[in-house]
Amino acid sequence: MPSIGPVRSDAVIVFAIAIALALIHLFAGRLGVSGRVPRSRWLSIAGGISVAYVFVHLLPDVGDAAATLAERGDPTAFAEHHGYLIALLGFVTFYGLEQLTRQSNTDPDGIVESAGTGVFWIHVGSFAAYNAIIGYLLWDRELGSVLLFAVAMALHFLVTDDSLRDHHGRTYHRRGRWILSAAVIAGAGVGYAFEEVELLVAVSVPFLAGGIILNVIKEELPSDRESRFWAFAGGAAGYAALLLFV
């Protein structure tokens, strides 16, 4: 059973990173990087960096997670695929949330408006869990690796924050950003208070990987968004190179 352990030497650094990530949501609206059409090149760069981190670091971790789940779970022929199925679940979950929000944003006459209160809480609640996973996983890496993870997630927060502001408008500004900021710190707090739970990490990593891929792709692919391909590709290539050689 998890128990509160001794103070970790890296606790101050991890909590400082968690607070910095939380501040992204609080101040993203003031950074001047938003822009739905044409899409801000800075958001495209951030999206590229997020995806690069997933493909270079998180997806290999999904393989390790699958092995852990196979050891802890049922000894069936499909056990080794459980990690990848969780990644698929993360992808499908956030796709479903996006569809739900888009339908709520459009009235029967085709006029786009802010999503309803119920959809807001479902959407923001799901992203709060997503952010809590990110905060928790800050404890799952060495110092050098956690800094690379934090940079990728900070830039990813710019992407998700821009999307949530577009969907929920003032409601997100008044409430949602505070909830998401608190969720990152809460996730880091759980990681500090409890000893490492290998099975929880094994579930969290693939779910996060699937969610990041979907959340970046849905912002970059629509043709009406006029996304910046070269900015996206440059961000992905540059960060992939950094991850491979650092």
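# Exercises on a predicted all-helix model

Arg165 and Asp161 are 4 residues apart in helix α5 (residues 143–193), so about one helical turn separates them. The exercises below concern a predicted model.

## Exercise 1. The Arg165 pair

Determine which interaction joins the side chains of Arg165 and Asp161, and classify Asp161 by accessibility.

Solution.

1. Take the N to O distance between the two side chains: for Arg165 and Asp161 it is 2.5 Å.
2. Compare this with the criterion, in which a side-chain nitrogen of Lys or Arg must lie within 4 Å of a carboxyl oxygen of Asp or Glu. Arg165 and Asp161 therefore meet in a salt bridge.
3. Turn to the accessibility of Asp161, which is 1% in relative terms. Buried means under 20%, so Asp161 counts as buried.

## Exercise 2. Layout of the chain

State how many helices and strands the chain has, and what share of its residues is buried.

Solution.

1. Count the elements: there are 7 helices and 0 strands.
2. Write them in order from the N terminus, which gives α-α-α-α-α-α-α.
3. For the share of buried residues, the chain has 246 residues, and 46% of them are buried.

## Exercise 3. A network of salt bridges

Find which residues are linked with Lys218 in a network of salt bridges.

Solution.

1. Begin with the total for the structure, which is 3 salt bridges.
2. Look for the partners of Lys218. One of them is Glu98, with the closest N and O atoms 3.4 Å apart. Here Glu98 belongs to helix α3 and Lys218 to helix α6, so this pair ties together parts that are 120 residues apart in sequence.
3. Lys218 also forms a salt bridge with Glu219, where the closest N and O atoms are 2.8 Å apart.
4. Join the pairs: Glu98, Lys218 and Glu219 are linked in a network.
5. Check the accessibility of the members. Lys218 has a relative accessibility of 12% and so counts as buried. Glu219, at 1%, counts as buried too, and Glu98 is likewise buried.

## Exercise 4. The nonpolar surface patch

Identify the helix that gives the most residues to the nonpolar patch, and classify Leu88 by accessibility.

Solution.

1. List the members of the patch: Leu85, Leu88, Phe91, Val92, Tyr95, Ile217 and Leu221. Together they have about 660 Å² of accessible area.
2. Assign them to elements. Helix α3 (residues 82–105) gives the most, with 5 residues.
3. Place Leu88, which lies in helix α3. Its relative accessibility is 48%. Exposed means over 50% and buried under 20%, with partly exposed in between, so Leu88 counts as partly exposed.

## Exercise 5. The second largest pocket

Describe the second largest pocket by its volume and by the classes of its lining residues.

Solution.

1. Take the volume, which is about 180 Å³.
2. Count the lining: 11 residues, with Asp61, Asp64, Ala65, Asp140 and Val201 nearest the centre of the pocket.
3. Sort the lining by class, which gives 6 charged, 4 nonpolar and 1 polar.
4. Look at the elements involved. Helices α2 (41–72) and α6 (198–220) each supply at least two residues of this lining.

## Exercise 6. Pairs apart in sequence

For Leu138, Val119 and Thr160, give the location, the accessibility class and the C-alpha distance to Val14, His168 and Gly47 respectively.

Solution.

1. Leu138 sits in the loop between α4 and α5. Its relative accessible area of 2% makes it buried. Leu138 and Val14 are 124 residues apart along the chain, and 6.5 Å separates their C-alpha atoms.
2. Val119 is part of helix α4 (residues 117–137). Its relative accessible area is 13%, so Val119 is buried. From Val119 to His168 the sequence separation is 49 residues, and the C-alpha atoms are 9.3 Å apart.
3. Thr160 is in helix α5. At 4% relative accessibility, Thr160 counts as buried. Between Thr160 and Gly47 there are 9.5 Å in space, C-alpha to C-alpha, for a separation of 113 residues in sequence.

Methods:
Residues are numbered from 1 along each chain as its sequence is written. This is a predicted model: local features need pLDDT of at least 70, side-chain atom pairs count only at pLDDT 80 or more; totals for chains, interfaces and linings use all residues. Side-chain values use heavy atoms; hydrogens and water are left out. On a 1 Å grid over the protein atoms alone, a cavity is a set of points where a 1.4 Å probe fits but cannot get out, and a pocket is an open set with protein on both sides within 12 Å along at least five of seven lines; lining residues have an atom within 4 Å of a point. Grid points are joined across faces, edges and corners, and a volume is the space filled by probe spheres set on the points. Ala, Val, Leu, Ile, Met, Phe, Trp, Tyr, Cys and Pro count as nonpolar, Asp, Glu, Lys and Arg as charged, and the others, Gly among them, as polar. Patches are made of residues with over 30% relative accessible area and no salt bridge: like charges are joined within 9 Å, nonpolar side chains (Val, Leu, Ile, Met, Phe, Trp, Tyr) within 5 Å. Accessible areas come from the Shrake-Rupley method with a 1.4 Å probe; for residues, only the protein chains shown count as cover. Buried means under 20% relative accessible area, exposed over 50%, partly exposed in between (1.4 Å probe, protein chains only).
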